[in-house]
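New to this one? Take a look at the structure first, and then we'll walk through it piece by piece.

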Amino acid sequence: AYKAAINNNKKDEDNDICIKKFNDLKNEWKKAGSAGRKADNKLWDKFNKSADRFFNAKKEVIDAELMKANELLSQLKSDEISINEVLKSLSDLKNISKTKNNYDMDLLREMYTKMLLIRRFEEKAGQLYGMGQIGGFCHLYIGQEAVVVGIQSAQIEGDSIVTSYRDHGHMIACDMDPRGVMAELTGRKDGYSKGKGGSMHMFSREKGFFGGHGIVAAQVPIGTGLAFSHKYNETNNVCITYFGDGAANQGQVYESYNIASLWKLPVIFVIENNKYGMGTSVNRSSAGENLSDRGNAYGIKSEIVDGMDIIAVRDSAIRAMDYCRSGKGPYILEMKTYRYRGHSMSDPAKYRTRNEVEKIRKKSDPIENIKELLAKNGLNEDEIKNIDSEIKVVIADAAKFAQESPEPSVEELYTDITVN
């Protein structure tokens, strides 16, 4: 009814009635949650803020969110729900899809900041590699930032993430400390893997990040296993499993599709199609128009998404996560994206022209696009510059920390070989 009122599909007097009913719903919801106020003021403040964000959404509150609102309200009325459960439900509800004229500015700023943090981190990593401070393989994520940040913005606490060797951006997106990530790149004791994993092998159980894997497509069955864990333990979480267009031709991908569909596992397979598998164009290496179509044989629902548009990425992630959390099984998101640098730092990328890269960068750069959106929605130039300045300080600190951290001792060779 509220949706109809907002879209002006009813007479004015009916609009007033509908809006009054919705406001009554709002008051009931907040009143029911107030029981937690005495127990924990901080939780109450968080509840209040989340509720305000939900009820201030004025357009396109899709049916799935309205259904969640009603379910939560009935739970609240029964007085059988704890404040923590309320907060978890509200965390889901923050994922309301909005039109391009009705953004949550706090969310936009947060996504822009995280994307820029990844970009500046990768630029510094490339610089340190050129200086000989980073050895081994180093695959940069520059150009693809909207994919992981857009998806991360729709996650809830407890969701798990696993990806390939192009993983620095995914670590930053899930709030791993840039100091620890950079220190691992330089092979130092204070890195996430104590200097023994390098660029491709970092993990954080605390952040739900399970790698970083150097073997092409090895992470796909691991992600499927993580999803099985979520289902087995009835956590209502999902596993986001990232892999590239090159990995999409590996056999274990389809074994994973099969078991995920058969057991209806809550896994989102994210194909980061950046158009080149190492130095080979996807058009020369992969049959078929879209890689996501390959899930059809297993009955897996899929979408093709503009991976350079963070709003499109976020919206698709919300749909995929709602689908998986409802017990319907896996979901495939094929992100059409682009990397500006070579496959790795040792790749001169002679298989494409500079003009191709510059054309895409000028037309579709995800960071410039969201920066423009922020400016249109009221964020002034000085505020945007301040964000960049603050990020540069963070990155400079991370680089300094990574260079000054001690190298691991020889004894470290014999630790972490087995796990009890």
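Here is a quick briefing, going from the whole chain down to a single residue.

What you have here is a predicted model, with a pLDDT that averages 85 over the protein chain. The chain has 420 residues, and its fold includes 16 helices and 7 strands. A good place to get your bearings is an open sheet built from 5 strands.

**The chain as a whole**

- Half-in, half-out is a fair start: 50% of the 420 residues count as buried.
- The protein chain exposes about 20,700 Å², and carbon and sulfur atoms supply 49% of that area.
- Take the contacts between residues at least 6 apart in sequence: 75% of them join residues at least 24 apart.

**How far to trust it**

- A pLDDT of at least 70 is reached by 75% of the residues.
- Go carefully with residues 58–62, where pLDDT stays under 50; the model gives this stretch 12 contacts beyond four places in sequence.
- Residues 93–101 also call for care, since pLDDT stays under 50 there as well. For this stretch the model has 29 contacts beyond four places in sequence.

**The sheet**

- Reading across the sheet, the strand order is S1-S2-S3-S7-S6, and the pairing is parallel.
- Which strands stand at the edges? They are S1 (160–162) and S6 (301–306), and each has a single partner strand, so one side of each is left without a neighbour in the sheet.
- On average, neighbouring strands here are turned by 20° against each other, if you ignore direction.
- S1 and S2 are paired through 3 bridges, in the parallel sense, and you can spot Ser160 opposite Cys239 in S2.
- S2 (residues 239–244) also pairs with S3 (residues 267–273), this time over 6 bridges and again in the parallel sense. Here Tyr242 stands opposite Val270 in S3.
- Is S2 buried or exposed? Of its 6 residues, 5 are buried, so S2 is largely enclosed by the rest of the structure.

**Helices around the sheet**

- To get from S2 to S3, follow helix H11 (residues 251–262): S2, H11 and S3 together make a right-handed β-α-β unit.
- Helix H7 lies across S2, S3 and strand S7 (331–336), and H7 runs at about 170° to S2.
- Helix H10 (residues 219–232) packs on the sheet too, touching S1, S2 and S3. The direction of H10 makes about 170° with that of S2.
- How many residues of H7 (residues 145–152) are buried? The count is 8 of 8, and the helix is mostly covered.
- Among those buried residues of H7 are Glu145 and Gln152, along with Val147, Val148 and Val149.

**One residue to find: Glu407**

- Look for Glu407 in the segment after helix H16 (381–404).
- Glu407 counts as exposed because its relative accessible area is 61%, and the cut-off for exposed is over 50%.
- Which residues does Glu407 touch, leaving aside its neighbours within four places in sequence? The contacts are Gly187, Arg188 and Lys189.
- Glu407 and Lys196 are 211 residues apart in sequence, yet their C-alpha atoms are 9.9 Å apart in space.

Terms used:
Residues numbered from 1 in each chain as written. Predicted model: local features only at pLDDT ≥ 70, side-chain atom pairs only at ≥ 80, totals over all residues. Heavy atoms only, no water. pLDDT = per-residue confidence, 0-100. Contact = heavy atoms within 4.5 Å. Buried < 20%, exposed > 50% of the residue type's maximum accessible area, 1.4 Å probe, protein only. Helix = DSSP H or I, 4+ residues; strand = E, 2+ residues; numbered from the N terminus. Pairing = 2+ DSSP bridges. Axes fitted to C-alpha atoms, helices over the stretch in contact; angles between N-to-C directions. Right-handed = clockwise from strand over helix to strand, strands pointing away. Areas by Shrake-Rupley, 256 points an atom, 1.4 Å probe, with all protein chains shown as cover.
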